[in-house]
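The following exercises are to be worked with the sequence and the coordinates at hand. Each task is followed by a solution in steps.

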Amino acid sequence: MELLSMLSPAAAAVHANPDSGMNTLVLGALIAIYMLGIGYLGYRGFRKTRGSQDYLLAGRSVNPFVMAMSYGAAFISTSALVGFGGIAGQFGMGLMWLVFMNIAIGIVGAFIFFGRRTRRMGLALDAHTFPEFMGNRFQSRGLKIFLALIIFLFMPLYSSVVLIGGARFLQEVMMVDYGWALGVFAVVVAFYVVFGGLKGVMYVDALMGTVMIVGMLSLLVMCYWKLGGITTAHQALTDMAPLVAERLPQEAALGHQGWTCMPRFNSVWWWTLVSSLMLGVGIGALAQPQLAVRFMTVKSSRELNRAVLIGSVFILFTVGSAYMVGALSNVFFYYTGHGIADGIQGKLSIEAAGGNPDLIIPMFIREALPPVILYLFSLTLLSAAMSTLSSLFHVTGSAIGHDLFRNLTKKQGDSTLITRLGVVFGIAVSVILGIVLPPGIIARGTAIFFGVCAASFLPSYAAALYWRGTTRAGVWASISAGVGVSLFGLFFLHRKESAALGLCRALFGKSELIGTFPWPFVDTFVYSLPLSLAALLVVSRLTAKLPEQHLNHCFK
């Protein structure tokens, strides 16, 4: 089959044009202008930040469009567009189920069942951060410190993989040094997070979210145009299924059946896709501290209702486009024989990327897109990286300055300066991790973070909102079980991490404690979340409830 014969004349002309690559100077100028716009919005946030409530919660008066776009932009990062887009290039369109999970659970479920109560209860409790919300709800200063420590320890992992996604993009598309790109991202984001607070972050997020929607839709349209249309592209991808056994025999043995169908049921790839990506990331979105705090930034539940549709459309257009393009990139690389870099013609996407799925999306946009779309997508990836990073750094700084410092020193004054220093510290740790973490870590690092957050926070967070019988001891038990079981699974049960970490082999002489299929491939989230929930229910039933007067205040 010769795909080039099915391309439209205009698409074929663009493809064959050797001068259609990116002019780095033009892109550099465009990025500079974009950064000036971001700087202006960060400055506006700085001018409107008068104290801790402004810095931490944007004054509780955010417009619903800004809130929804900020929530979506903080939710969707380069780990989704580059990391998971690359996984779609490797796994196929089965990853589209994650889009459904992100919308149904991460947006609709989160806004309706968590957002309204979080906003109302957060206001009653005078909470400014997620640890403070949970600590005030259960009248425990120690709980605030414990949650802040968890955020401080785990948030840099997610921040670093987002940094890696943006830096890998610049490395492949602009041909710049990876370390230099990593540093530039960190410095730019640091500027408007440190000075602008959450107001600056959310203003910038709204701009970046808009750019992300336009950029991802443009990428999807251009992809179909390059591949001869929707029907032609999807049929070509379906017809490539026999190539799995021919070109990727190891992946075929693991359950890969083609790029337009799910992996074989109960196979290694099926468990990876379903337990780690669909469930871990899909459900894990409900318990993200950087997302939960946004529910407390609006004036009323009416603003949250308006934000549901905006957030759902955002998710559909951004990650839906990324996963679709990732899968279809196989058609482009395999059937394209000229006009792209030597050494990748006639290869499947994962082959062209040298086995590193993190490079599939950057390579595709570098080779397939004309300059105009390439420039726009460059801004899209920058937006995705910086919007999520700003939220993560802000939450890390808040955990250090507002939650740890104030509660450990028992100083109740304005903690904005310490919070800003905490942001800088969080950025530094993330940059270091971005340098030392191995290739192909983006999607897996994201899944680990989302799964640990869900197991650690989700049962107690949901109970805080809905169950008056939840006790302080029950919450401690639940969070401790979630964190402990997750870490135990990562070090001793889930082969992907336990083999790499090496502790299990050093202690017991094998890569995982339970080698019976499918346990080495079942994500830790699958058993850590139920155990965390069980600990909450059992211990809460056996221990004393909080004072009735406090409960009435929380649930008024």
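**Exercise 1. Overall architecture**

What share of the contacts in the protein chain with a separation of 6 or more is accounted for by residues 24 or more positions apart? Determine also the secondary structure content and the extent of burial.

*Solution.*
1. The model is predicted. Residues 24 or more positions apart supply 82% of the contacts that have a separation of 6 or more.
2. In secondary structure, the protein chain has 25 helices and 0 strands.
3. The chain holds 556 residues, and 63% of them count as buried.
4. The accessible surface is about 19,800 Å², and carbon and sulfur atoms contribute 68% of that area.

**Exercise 2. Confidence**

Establish where the prediction is least and most confident before reading local detail.

*Solution.*
1. The mean pLDDT of the protein chain is 80, with 83% of the residues at 70 or more.
2. Confidence is lowest in helix 1 (residues 9–16), where the mean is 38, and highest in helix 24, where it is 96.
3. The pLDDT is below 50 over residues 1–22, a stretch that nevertheless has 44 contacts in the model beyond near neighbours in sequence.
4. Residues 54–59 also stay under 50, and the model gives them 37 contacts beyond four places in sequence.
5. Where pLDDT is low, the predicted coordinates should not be read in detail.

**Exercise 3. Salt bridges**

How many salt bridges does a search of the whole structure find? For three of the pairs, locate the partners and classify their exposure.

*Solution.*
1. The search returns 4 salt bridges. In general, side chains of opposite charge can pair when their charged atoms come close.
2. Arg406 and Glu132 form one of these, with an N to O distance of 3.8 Å. Arg406 belongs to helix 18 (residues 371–409) and Glu132 to helix 7 (residues 130–137), so the pair ties together parts 274 residues apart in sequence.
3. Buried means under 20% relative accessible area. Arg406, at 10%, is therefore buried, and Glu132 is buried at 8%.
4. Arg247 pairs with Glu351, their closest N and O atoms lying 3.1 Å apart. Because Arg247 is in helix 11 (residues 242–247) and Glu351 is in helix 16 (residues 349–352), this salt bridge ties together parts separated by 104 residues in sequence.
5. Arg247 is partly exposed, at 26% relative accessible area, and Glu351 is likewise partly exposed, at 23%.
6. Arg495 and Glu512 meet at 2.9 Å, N to O. Arg495 lies in helix 22 (residues 495–501), whereas Glu512 lies in the loop between helix 23 (503–508) and helix 24 (525–542), 17 residues apart.
7. The two partners fall into separate exposure classes: Arg495 is partly exposed at 32%, while Glu512 is buried at 7%.

**Exercise 4. The geometry of helix 15**

Does the end-to-end distance of helix 15 agree or disagree with the span expected at 1.5 Å a residue? Describe also its bend and its cover.

*Solution.*
1. Helix 15 covers residues 301–335, which makes 35 residues.
2. The expected span is 1.5 Å times one less than the number of residues. For helix 15 this gives 51 Å, and the end C-alpha atoms are 51 Å apart, so the two values agree.
3. The axis of helix 15 nevertheless bends by about 30° at Leu328.
4. Of the 35 residues of helix 15, 25 are buried, and the helix is thus mostly covered.

**Exercise 5. Backbone features in loops**

Which peptide bond is cis, and where are Gln139 and Asn266 found? Give their phi values and exposure as well.

*Solution.*
1. The cis bond runs from Phe517 to Pro518, with omega near 10°. Pro518 is placed in the loop between helix 23 and helix 24.
2. Gln139 occupies the loop between helix 7 and helix 8 (141–173). Its phi is near 50°, a positive value in a residue other than glycine.
3. Asn266 sits in the loop between helix 12 (249–253) and helix 13 (268–284). Phi of Asn266 is near 65°, again positive in a residue other than glycine.
4. Both residues are partly exposed: Gln139 has a relative accessible area of 39%, and Asn266 has one of 34%.

Definitions and conventions: Residues are numbered from 1 along each chain as its sequence is written. Side-chain values use heavy atoms; hydrogens and water are left out. Helices (H or I, at least four residues) and strands (E, at least two) are DSSP runs, numbered from the N terminus. Buried means under 20% relative accessible area, exposed over 50%, partly exposed in between (1.4 Å probe, protein chains only). Contact means heavy atoms within 4.5 Å. Accessible areas come from the Shrake-Rupley method with a 1.4 Å probe; for residues, only the protein chains shown count as cover. A salt bridge is a side-chain nitrogen of Lys or Arg within 4 Å of a carboxyl oxygen of Asp or Glu. The bend at a residue is the angle between axes fitted to the seven residues ending there and the seven starting there. pLDDT is the predictor's confidence in each residue, from 0 to 100.
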